[in-house]
Amino acid sequence: MSEACVVSSKQANSGASAVQVRPVRSKADRKQFIRLPHRLYADDPNFRAPLDLMVREMMSPKHNPWFEHGEAEFFIAVRDGEVVGRISAQVDHSHIESYDDGTGFFGFFESEDNADTVKALLDAAAGWCSIKGMSKMRGPFTLSINEESGFLVEGFDSPNYIMMPHGRPYYDGLVKAAGFEKAIDLFAWRFNRETLPEHAFELSEMAREHPGVTIRNVDMKNLARDVRIIMDIYNDAWKDNWGFVTLTEAELDKLAREFKLIVDPEMCMIAEVEGKPAAMVVALPNIFEAFEGLDGSLLPFGWAKVLHRLKVKHPKSFRVILLGVREEFRRIAFGGLSVLLYTTIYQRAYDKGYVEAEAGWTLEDNRAINQGMKLMGGEQYKTYRLYEKEI
């Protein structure tokens, strides 16, 4: 590890001791890195976190196939022997191959409310990215745009959903004070049974009656195949979107294994036109509900609670994480394929006892999809922000 990536801040104006940022090297460092959010958000009833095991595997080259095309360093900020911040720095070679823009990334960011700590963390990540030959740094991403993305800047009054971060209101100002500028905003949309308007069902029926249109559930016996069909549609639908990067075969295999544990096949659908896959939607139960009160651990009896909450009690909310229509099929019934999938999934979900849903995220500049969310009765209730800086 280069000493250029070990950063010590100046003493804060309040008289606090200097903070040192150092790379994660030991098991104790890694544990403190993973556990920090639980302490920082101890007073926030809306904070939801993945299990510690999930974060540990995400950080592990042995368990996370992202590391087959990316490399990362993880840092903790320490003051007076206490961890007060964390950050990752990463280079995604798939992104570099696609964009050739010299952009590295930061992520996993959490910090106390202290400008010196935030700057020291960002400086450490930027220094590492610079050593790797990058000229710009963007984030936060955990570890890529296909995972948790952005700092929450609006919508702190409600819990975060699966694969979506929470955050502290002071992050936006302190990151800007460290020289970063907004790159783009991401929107999350809230739905409930009452918000689905009648015109959405009318458009949905037009698409359903279009010649050759059929809908099928994902086939759990051939889930790996259907995950690839879904991602093939996703790649076609999203290829021109800001920051888009495709998933590798290894990442798709991991996705299929993880989905199999929680997916409800009636909540994941593929629309076909004359037998050709044309559109898809993937919704997952909000498993963060099942993790509540576990403090990130499955031991000693957390695993039993999770199983009961998922299989017996069932979550009351779900998140639409993917929706896509192949370009060649977007004009069917005035763009009705996506509406058909949305209305079908919401009807099924509420019949199963779900009461609320989140869809997203969507890019702020994607006018078509954002207008579609409003057409469906969605409420834009959270905004996430991505930042960048020349380094």
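The following exercises, with worked solutions, concern selected residues, a helix and the empty spaces of the structure above.

This is a predicted model, in which local features need pLDDT of at least 70, side-chain atom pairs count only at pLDDT 80 or more, and totals for chains, interfaces and linings use all residues. Residues are numbered from 1 along each chain as its sequence is written, and side-chain values use heavy atoms, with hydrogens and water left out.

**Exercise 1. Determine where Asn-160 lies, whether it is buried or exposed, and what its side chain reaches.**

Step 1. Asn-160 belongs to the loop between β9 (151-154) and α5 (171-177). Helices (H or I, at least four residues) and strands (E, at least two) are DSSP runs, numbered from the N terminus.

Step 2. The relative accessible area of Asn-160 is 2%, so this residue is buried. The classes are buried, under 20% relative accessible area, exposed, over 50%, and partly exposed, in between (1.4 Å probe, protein chains only).

Step 3. A polar atom of the Asn-160 side chain lies 2.9 Å from the backbone oxygen of Arg-48. The side chain of Asn-160 also reaches the backbone oxygen of Met-164, at 2.9 Å.

Step 4. With neighbours within four places in sequence left aside, the residues in contact (heavy atoms within 4.5 Å) with Asn-160 include Asn-46, Phe-47, Pro-165, Asn-286 and Phe-288.

**Exercise 2. Test whether the length of helix α7 agrees or disagrees with its expected span, and identify what covers its buried residues.**

Step 1. Helix α7 (residues 223-238) has 16 residues. The expected span is 1.5 Å times one less than the number of residues.

Step 2. The expected span of α7 is therefore 22 Å, and its end C-alpha atoms are 22 Å apart, which agrees.

Step 3. Among the buried residues of α7 are Asp-226, Ile-230, Tyr-234 and Trp-238. An α-helix has 3.6 residues a turn, so residues three or four places apart point the same way.

Step 4. The cover over the buried residues of α7 includes α8 (249-262), β12 (268-273) and β14 (317-325).

**Exercise 3. Describe the lining of the largest cavity by residue and by class.**

Step 1. On a 1 Å grid over the protein atoms alone, a cavity is a set of points where a 1.4 Å probe fits but cannot get out, and lining residues have an atom within 4 Å of a point. Across the whole structure, a search finds three cavities of 30 Å³ or more.

Step 2. The volume of the largest cavity is about 80 Å³; a volume is the space filled by probe spheres set on the points, which are joined across faces, edges and corners.

Step 3. Residues lining the largest cavity include Asp-92, His-95, Arg-138, Leu-143 and Trp-242.

Step 4. This lining has six nonpolar, three polar and two charged residues.

Step 5. Leu-143, one of the lining residues, is joined to Thr-142 by a cis peptide bond with omega about -10 degrees.

**Exercise 4. State which sign phi has at Asp-80 and Asp-295, and compare their exposure classes.**

Step 1. Asp-80 is not a glycine, yet has a positive phi of about 50 degrees. Its place is the loop between β3 (70-79) and β4 (82-92).

Step 2. Asp-295, likewise not a glycine, has a positive phi of about 55 degrees. Asp-295 is found in the loop between α9 (288-291) and α10 (302-313).

Step 3. Asp-80 counts as exposed because its relative accessibility is 63%, whereas Asp-295, at 47%, is partly exposed.

Methods:
Polar contact = N/O pair within 3.5 Å; in protein donor to acceptor, adjacent residues only side chain to side chain. 1 Å grid on protein atoms, 1.4 Å probe; cavity = no way out; pocket = protein on both sides within 12 Å on 5 of 7 lines; lining within 4 Å. Nonpolar A, V, L, I, M, F, W, Y, C, P; charged D, E, K, R; others polar.
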